[in-house]
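Colleague: Pick one part of this model and give me a close look at it, then walk me outward from there. Keep it chatty, but spell out your cut-offs.

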Amino acid sequence: MILIKNGKIIDPGTQKEYPADIILDNSVIAGIGTYKDDGTYDTVIDASGCAVAPGLVDVHVHFRDPGPTYKEDIHTGAAAAAAGGFTTVITMANTTPPADNPETLCYIIEEGKKTGIHVLPAAAVSKGMKGQELVDMENLKSAGAVGFTDDGIPLMNQSLVKQAMDQAARLNLPLSFHEEDPAFIQNNGINHGAISRKLGIYGSPSLAEDSLVARDLMIALHTGAHVNIQHISSKNAVKLVRTAKKMGAHISAEVTPHHFTLTEEAILEKGTLAKMNPPLRTETDRQALIQGLKDGTIDLIATDHAPHSPEEKARPLTEAPSGIIGLETALALAITELAIPGHLSLMEIIEKMSLNPAKLYHLPCGCIEPGAPADIVIFNPTKTWTVKKFHSKSSNSPFKGWQLTGKVKWTICNGKVVYKDSTEVVHK
């Protein structure tokens with residue numbers, strides 16, 4: 001058993017914050033109250049000065065496994081997740097081979113069981129992620145898929161999109177869509193605007209995102225499917241989601257920490273480390289994302305953790321792959337960029353990083369109450385630290401060297417410590 005003492009519980013399930021101790025017995029929360037360290041506990045954690053919250057849930061990670069595991073594998077990805085306070089992650093389907101078959105899903109699930117956290121796979125929407133033929137969604141659900149996505153590749157076949165939504169609604173599983181119409185893009189990963197013109201590059205305009213978001217929101221409205229708009233980045237896309245929700249569409253939207261923190265200006269300083277799909281956009285867009293978080297239009301904060309090697313990111317701007325890692329800096333960026341300026345409370349941040357993601361995927365986590373899963377993150381919301389090293393195999397982050405506020409001290413999954421800050425001492 002584990003006893004967590006002297007912490008402040010933040011429970012988005014009840015919307016309550018209060019000081020209390022917690023007893024974890026095997027994989028469940030066994031008690032919440034005031035308890036003495038009477039020597040019967042296997043581990044006692046002093047959480048003085050810390051928040052105690054449900055383990056974070058990331059609905060959007062790339063662990064490159066199976067595939068180019070020199071960038072990341074399921075075990076190093078899970079270690080990075082645990083270091084960031086995440087106890088559950090949803091892996092994307094663009095592996096090699098794609099996760100469009102039970103065998104690949106089984107591999108991901110079995111390897112995930114060895115990591116200490118919950119690694120849950122999303123399956124592809126289309127066979128081979130080619131966007132032409134629908135996978136056997138019912139069979140893949142039976143094999144363990146928790147949702148469906150062709151993330152990384154936009155679905156351009158409207159008939160296929162409609163079929164997928166009809167099936168997903170019947171199966172009661174979410175669909176997540178990468179919204180970038182390639183017809184409007186010349187160089188992906190860079191916003192088409194003032195900075196791209198300065199660099200002599202025609203990039204990816206917000207029209208590419210807005211047009212597909214509008215299409216899929218309307219199809220979702222008519223089918224009743226639960227559709228998640230991935231890594232939203234433009235002000236108009238936020239407005240579209242807000243409108244579709246008012247119309248009754250079953251929609252959620254996610255935003256990444258890099259999109260609510262950085263703008264296209266970062267390309268000038270960080271180069272390829274600021275290249276991602278969809279791209280960083282303008283300050284007006286960034287402010288619209290923050291407003292979307294504040295008013296509930298945007299439900300989720302997800303990392304889109306996308307590891308690449310230094311050699312790949314060293315290529316010229318138009319040739320380097322898009323994407324950055326994000327698991328180990330996500331919570332701190334949310335605290336630094338959203339909580340400290342007063343945009344969101346800690347409760348709202350935890351809600352968008354645990355409870356809401358859990359609801360999207362019908363998971364039993366995201367709250368702190370007796371009988372709930374013993375998946376916990378303990379973090380110091382006022383601790384400042386400098387981003388230096390990563391548990392990920394990769395280090396392609398524009399935030400390296402940044403001083404952030406909010407430090408994960410312990411991560412507990414299934415009642416077992418899966419991460420502790422090196423400065424912490426385990427008491428037994």
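Modeller: Let's start with helix 12, residues 330-339, which is mostly covered: nine of its 10 residues are buried. "Buried" is under 20% relative accessible area, "exposed" is over 50%, and "partly exposed" is in between, with a 1.4 Å probe and protein chains only. The helices (H or I, at least four residues) and strands (E, at least two) are DSSP runs, numbered from the N terminus. The buried set in helix 12 is A330, L331, A332, L333, A334, I335, T336, E337 and L338. Note that T336 and E337 are on that list along with the alanines and leucines.

Before we move on, some housekeeping. This is a predicted model, so to speak of local features we need pLDDT of at least 70, and side-chain atom pairs count only at pLDDT 80 or more, while totals for chains, interfaces and linings use all residues. Residues are numbered from 1 along each chain as its sequence is written, and side-chain values use heavy atoms, with hydrogens and water left out.

Stepping back, buried residues make up 61% of the 428 in the protein chain. In all, the chain comes to 13 helices and 16 strands. Its C-alpha atoms fill a box of roughly 65 × 45 × 45 Å along the principal axes. The radius of gyration is 21 Å, which agrees with the value near 22 Å for a compact globule of 428 residues; it is taken over C-alpha atoms, and the globule rule is 2.2 Å times the number of residues to the power 0.38. Of the contacts (heavy atoms within 4.5 Å) with a separation of 6 or more, 74% link residues 24 or more positions apart.

Now a sheet. Strands 6, 7 and 8 make an open one in the order 6-7-8, with parallel pairing; two strands pair if DSSP finds at least two bridges between them. Strand 6 (56-61) and strand 8 (118-121) are the edges, each pairing on one side only. Neighbours here are turned by 20° on average, direction ignored. Helix 2, residues 102-113, packs on this sheet, touching strand 7 and strand 8, and its direction makes about 175° with that of strand 8. Axes are lines fitted to C-alpha atoms, for helices over the stretch in contact, and angles run from 0 to 180 degrees between N-to-C directions. Strand 7 (residues 86-91) is joined to strand 8 by four bridges, and I90 stands opposite L120.

Further towards the N terminus, strand 2 (residues 16-25) and strand 3 (residues 28-33) are antiparallel over five bridges. D21 faces G33 across them. Two residues sit between the strands of this hairpin, where N26 takes a positive phi near 55°.

Last stop: the loop between strand 14 (376-386) and strand 15 (403-413), home to K388. K388 is exposed at 57% relative accessible area. Its C-alpha is 8.4 Å from that of W402, 14 residues along. The structure has one aromatic pair: the rings of F399 and W402, centres 4.9 Å apart and planes at 85°, so edge-to-face. Rings of Phe, Tyr and Trp (its six-membered ring) pair if their centres lie within 6.5 Å; planes under 30 degrees apart are stacked, over 60 edge-to-face, the rest tilted. F399 is buried at 1%, whereas W402 is partly exposed at 26%.
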